[in-house]
Every structure is written in structure tokens, then in C-alpha cells.
Amino acid sequence: MFTRNVFILGAALFLSGCATYEGLYAPSCLAYSGSEIRLVDGRYVWKKFTDQVVVDENGDRVDPFPGFPREGAYAKQGNRITLGSGASGPSDTMYLVEHNDEVFLYTAAEAEAFEATGERPACPLKLQPAD
């Protein structure tokens, strides 16, 4: 309960003190696979990457992330970001979190684990400096 209240209070403080949350979110650690999400002017582009190359029995490359890149509109409500699905399936919900003057984008599972334990994810997406 205390952790949940701290998380909610932190989110409220984040929303009042953060100048911007838009830009490119990329892994906050060295990653050989993962996601990059760009939020700009109510639109998002979500790309996935990996250094692994998978081939089929004919030696042709297999797309490791069918349906990506994804793009569409997003909505922000408090610290919650909902990435619209378009025709490709259900929408995704992510959460903005500020820590040590840095802005992170947690998946719903990362936010739930953080709320339950107070432990931050090992390598969440982090807002990158402007290009």
C-alpha cells in the first residue's frame, strides 16, 4: 500500500514538473534486442530490433517481429500512455516515470512490478536527448 501511494505521488509530481515527455525512448542499457518508441505530436512509431538473424530451411531471413514497426496515434492520461492499435490488434498501455531527472517509459508489467516491489526495471526505455 505504501509503495503504491509513493508511486502515485511520484507520478503526480512527475506530471507537474516535467517540461516534456515527447521524443525517442530507447533501452537505458546496452541491449542486443528490444524496442524503440518515438512519441511526437500525438503520434508514435514503435520499432523492435535484434542482432540475431533467424533463417528458414531455405536460408531466407525470417522477420523476427511481424507487425513491426507499428505506428499510430497515442493518448496521454496522467502518467499513462496508450498506444493506439489501428487495425493491427489491441492497444498497448505504458507508463511515464521520472527518476533522477530522467524520464522512463515502463511497460505495464514493469510498472506493476515497480508498484508491488518498489524495484526499478533492469533496462527500461529512457527518453533520449533531443536529436
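In this predicted model, R38 stands opposite V45 in β3. That pairing belongs to a longer run of contacts: β2 (residues 33-40) and β3 (residues 43-50) run antiparallel and are joined by eight bridges. The two strands make a hairpin with two residues between them, and D41, in the turn, has a positive phi of about 50°. R38 also has a partner in another strand, since L24 stands opposite R38 in β2. Here the pairing is between β1 and β2, again in the antiparallel sense, this time over three bridges. These strands form a hairpin too, with five residues between them.

Next comes the packing of nonpolar side chains. The largest nonpolar core has 15 residues, and the members that touch the most others are Y25, I37, L39, I81, L83 and L105. Quite a few strands chip in: β2, β3, β5 (80-83), β6 (92-99), β7 (102-107) and β8 (125-127) each supply at least two residues of this core. What does L105 contact once its neighbours within four places in sequence are left aside? The list runs to Y25, I37, I81, M94, Y95, L96, E110 and L125. Apart from the largest core lies another one, of five residues, with V97, F104, Y106 and A111 among them. In soluble globular proteins, nonpolar side chains tend to be buried together.

Aromatic rings add some further detail. The count comes to three aromatic pairs. One of them is Y21 with Y74, an edge-to-face arrangement with 6.4 Å centre to centre and 85° between the planes. This pair ties together distant parts of the chain, 53 residues apart: Y21 is in the loop between α1 (2-17) and β1 (23-27), while Y74 is in strand β4 (residues 70-77). Are Y21 and Y74 buried or exposed? Both are buried. Another edge-to-face pair is formed by Y106 and F114, at 5.9 Å centre to centre and again with 85° between the planes. Y106 counts as buried because its relative accessible area is just 1%, under the 20% cut-off. F114, at 11% relative accessibility, falls under that cut-off as well, so F114 counts as buried too.

Two lysines finish off the picture of the rings. The charged end of K76 sits over the ring of Y21, 5.1 Å from its centre, so to speak on top of a residue that also pairs with Y74. Elsewhere, K48 lies over the face of F68, at 4.7 Å from the ring centre.

How values were computed
Residues are numbered from 1 along each chain as its sequence is written. This is a predicted model: local features need pLDDT of at least 70, side-chain atom pairs count only at pLDDT 80 or more; totals for chains, interfaces and linings use all residues. Side-chain values use heavy atoms; hydrogens and water are left out. Rings of Phe, Tyr and Trp (its six-membered ring) pair if their centres lie within 6.5 Å; planes under 30 degrees apart count as stacked, over 60 as edge-to-face and the rest as tilted. Helices (H or I, at least four residues) and strands (E, at least two) are DSSP runs, numbered from the N terminus. Buried means under 20% relative accessible area, exposed over 50%, partly exposed in between (1.4 Å probe, protein chains only). A charge sits over a ring if NZ of Lys or CZ of Arg is within 6 Å of the ring centre and within 35 degrees of the ring normal. Two strands pair if DSSP finds at least two bridges between them. A nonpolar core is a set of buried Ala, Val, Leu, Ile, Met, Phe, Trp, Tyr and Cys residues joined through side-chain atoms within 4.5 Å. Contact means heavy atoms within 4.5 Å.
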